[in-house]
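This report looks at a few cross-links and contacts in one protein model. Please have the sequence and the 3D view open while reading.

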Amino acid sequence: QACLPCSKGAYSNSTGSTECQPCQAGFYANETGSKLCQDCSSGYFSEKNATSCEACSQGFFCNTTHCTHCTMCPAGQEALSSATEKCSFCRPGMHKVENELRCRMCRTGFYQTLQGQQECNICPENYYCPSPDINPLQCPGDAFCPAGSTAPQFCMETFLRKSGSQCVLAPLTIFLLVVAATFILLIIILIVRRKKDARPMDPARTPLLNKEETPSRGFQPIYGIAWDREPVYAGW
């Protein structure tokens, strides 16, 4: 009976072999009749009886030959491409904790100026951090910068000014408010006086000016009564 070649993923390195041996993890045989298995290159791995090696996926690396598995990049490092032999450090302004695949940007109000860091630092009080990859900037004297600020907070110009830890009314604002209040008060007083002047007078205090002409005695001024009645005078 003729000898048979070993199948892919197996080998035989001696004569008179009755069976082929499977390639061990980290090695492969991509041809039939292989005498030896080849080891996987850096950045690749294989399991037992492999016919080829697989590339390490993103976030994992293998820095030696014949790797049996790939290792996740440690905290503060990442692998942006597959078949990576060595992880790269997170850039300034970024961070990565354990068991994460990629570096992440620092949150708003945080910063990190070093490479390969696991966490970012919060921007301290009286400073502001417009970008996560630069050192905190000193807050201006006329502004507020609580911890985690990305920009200084100013009081409203002209109308407010900083006093301690809060904004207060500026002198100009107080003056304008007083002038406005005085103007409104004058308008109210004027409206009240006009309404009072336009009110009709009490009939009891109004002179009776109706004039009637008597039919037989000629024209006689009679105030508020008929010509043949006694005159009535309104007294006050």
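Which residues does T84 touch, not counting residues up to four places away in sequence? The model is a predicted one, and in it T84 touches G43, F60, F61, C62 and A79 under that condition. T84 sits in the loop between β9 (77–78) and β10 (88–89). T84 counts as buried because its relative accessibility is 9%, and buried means under 20%. A polar atom of the T84 side chain lies 2.6 Å from the backbone oxygen of S81.

**Disulfides**

A disulfide is a covalent bond between the sulfur atoms of two cysteines. The count here comes to 10 disulfides. Three of them, including their sulfur distances and S-S torsions, are listed below.

| Pair | S to S distance | Torsion about S-S | Handedness |
|---|---|---|---|
| C56 and C70 | 1.8 Å | about -80 degrees | left-handed |
| C73 and C87 | 2.0 Å | -85 degrees | left-handed |
| C123 and C129 | 2.1 Å | about 90 degrees | right-handed |

The disulfide of C73 and C87 links distant parts of the chain, 14 residues apart. C73 is in the loop between β8 and β9, and C87 is in the loop between β9 and β10. C73 is buried, with a relative accessible area of 2%, and C87 is buried at 8% relative accessibility. Both C56 and C70 are buried, as are C123 and C129. C3, at 80% relative accessibility, counts as exposed.

**Salt bridge**

The structure holds one salt bridge. The side chains of E100 and R104 form this link, with 3.3 Å from N to O. R104 counts as partly exposed, at 45% relative accessibility.

Terms used
Residues numbered from 1 in each chain as written. Predicted model: local features only at pLDDT ≥ 70, side-chain atom pairs only at ≥ 80, totals over all residues. Heavy atoms only, no water. Salt bridge = Lys/Arg side-chain N within 4 Å of Asp/Glu carboxyl O. Buried < 20%, exposed > 50% of the residue type's maximum accessible area, 1.4 Å probe, protein only. Helix = DSSP H or I, 4+ residues; strand = E, 2+ residues; numbered from the N terminus. Polar contact = N/O pair within 3.5 Å; in protein donor to acceptor, adjacent residues only side chain to side chain. Contact = heavy atoms within 4.5 Å. Disulfide = S-S within 2.5 Å.
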